[in-house]
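Visitor: Could you walk me through how to read a ligand site and the pockets of a protein?

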Amino acid sequence: MVKTKLIGGFPFVQYTKETVPETEMIQKSCEFFNWMNKRRTIRDFSDRPIPQTVIEQLILTASTAPSGAHKQPWTFCAVSDPLIKRQIREAAEKEEEESYQHRMPEEWLADLRPLQTDWKKPFLETAPWLIVVFRKSYELKPDGSRGQVYYANESCGLACGFLLTAIHHAGLCALTHTPSPMQFLSRILNRPEEEKPFLLIPVGYPAPECWVPDIKRKQMPEICVFY
Ligand code: IYR
């Protein structure tokens with residue numbers, strides 16, 4: 001039985017967590033790193049379908065992320081409809097072509113060269129699901145008035161991190177795609193004014209032949225300082 005009590009007049013539940021001995025903790029943290037270090041962003045997707053129930057569970061995991069004042073300022077739009085995916089691809093490619101040809105400065109283009117990206121985005125139609133994450137800039141209360149949200153960028157970033165981890169855990173792959181500008185997603189998905197497009201995440205299996213850049217991750221001394 002979960003113990004409950006009022007603190008400052010608000011309901012609290014007692015939280016218990018199963019802890020592990022230190023040796024096991026060291027092993028688990030190593031294993032989890034080794035497994036997370038295998039996650040890669042991909043751009044070559046298979047069209048093999050994924051059941052909606054899997055996508056639902058992945059999104060439920062994403063929504064366990066912490067958020068400012070527990071406002072959960074996110075909406076996840078999961079798209080498998082081929083006609084909507086095509087509309088998204090066409091609109092994204094239009095913006096991306098303009099960006100690659102005119103908007104992105106030379107330094108940015110040079111930084112992207114090792115990744116060999118370009119304005120063509122076939123994965124927006126090939127991947128069986130596109131999860132479009134929207135960030136709420138305010139929330140609509142039941143009476144129609146506006147309520148504040150807090151740290152919405154940080155909250156949505158955390159939720160997307162949880163989502164990518166859940167996708168990897170399910171044996172699937174994803175791409176964190178940020179077509180720019182991406183207001184077209186609000187229009188195509190008919191989202192309300194308070195929701196702003198945050199991240200577009202194609203989800204699926206890798207194509208039978210899938211290539212990723214041979215990147216190296218920074219080592220401890222470059223990313224961490226102990227005090
Ligand atoms: N949005 C473009 C460009 C792009 C930008 C960054 I920063 C990347 O890490 C990768 C791509 C595109 O999706 O191609």
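Guide: We will go through the ligand, its polar contacts and the pockets in turn. Keep in mind that this is a predicted model.

Visitor: Which residues surround the ligand?

Guide: The shell consists of Arg43, Glu96, Tyr100, Met104, Trp108, Leu112, Asp118, Lys121, His177 and Thr178. By class, these shell residues divide into 4 nonpolar, 2 polar and 4 charged.

Visitor: Which side chain has a polar atom 3.0 Å from a nitrogen atom of the ligand?

Guide: For polar contacts, look for N or O pairs within 3.5 Å. Here Glu96 has a side-chain N or O atom 3.0 Å from a ligand nitrogen. Tyr100 places a polar side-chain atom 2.5 Å from a ligand oxygen, and for Lys121 the distance from a side-chain N or O atom to an oxygen of the ligand is 2.5 Å. Of the 370 Å² of accessible area that the ligand has on its own, the protein covers 71%.

Visitor: How do I read the pockets, and which one does the ligand take up?

Guide: The general idea is that rolling a probe the size of a water molecule over the atoms shows where empty space is left. In this structure the ligand takes the space of the largest pocket, whose volume is about 320 Å³. Its lining has 15 residues, and the closest to the pocket centre are Glu96, Tyr100, Trp108, Leu112 and Thr178. Helix 3 gives the most to this lining, with 4 residues.

Visitor: What lines the second largest pocket?

Guide: That lining is made of Phe33, Asn37, Arg217, Lys218, Gln219, Met220 and Ile223. The second largest pocket holds about 200 Å³ of space, and its lining residues divide into 3 nonpolar, 2 polar and 2 charged.

Technical notes: Residues numbered from 1 in each chain as written. Predicted model: local features only at pLDDT ≥ 70, side-chain atom pairs only at ≥ 80, totals over all residues. Heavy atoms only, no water. Near = heavy atom within 4 Å. Polar contact = N/O pair within 3.5 Å; in protein donor to acceptor, adjacent residues only side chain to side chain. Areas by Shrake-Rupley, 256 points an atom, 1.4 Å probe, with all protein chains shown as cover. 1 Å grid on protein atoms, 1.4 Å probe; cavity = no way out; pocket = protein on both sides within 12 Å on 5 of 7 lines; lining within 4 Å. Sits in = over half its atoms within 2 Å of the grid points. Nonpolar A, V, L, I, M, F, W, Y, C, P; charged D, E, K, R; others polar. Points joined across faces, edges and corners; volume = space filled by probe spheres on them. Helix = DSSP H or I, 4+ residues; strand = E, 2+ residues; numbered from the N terminus.
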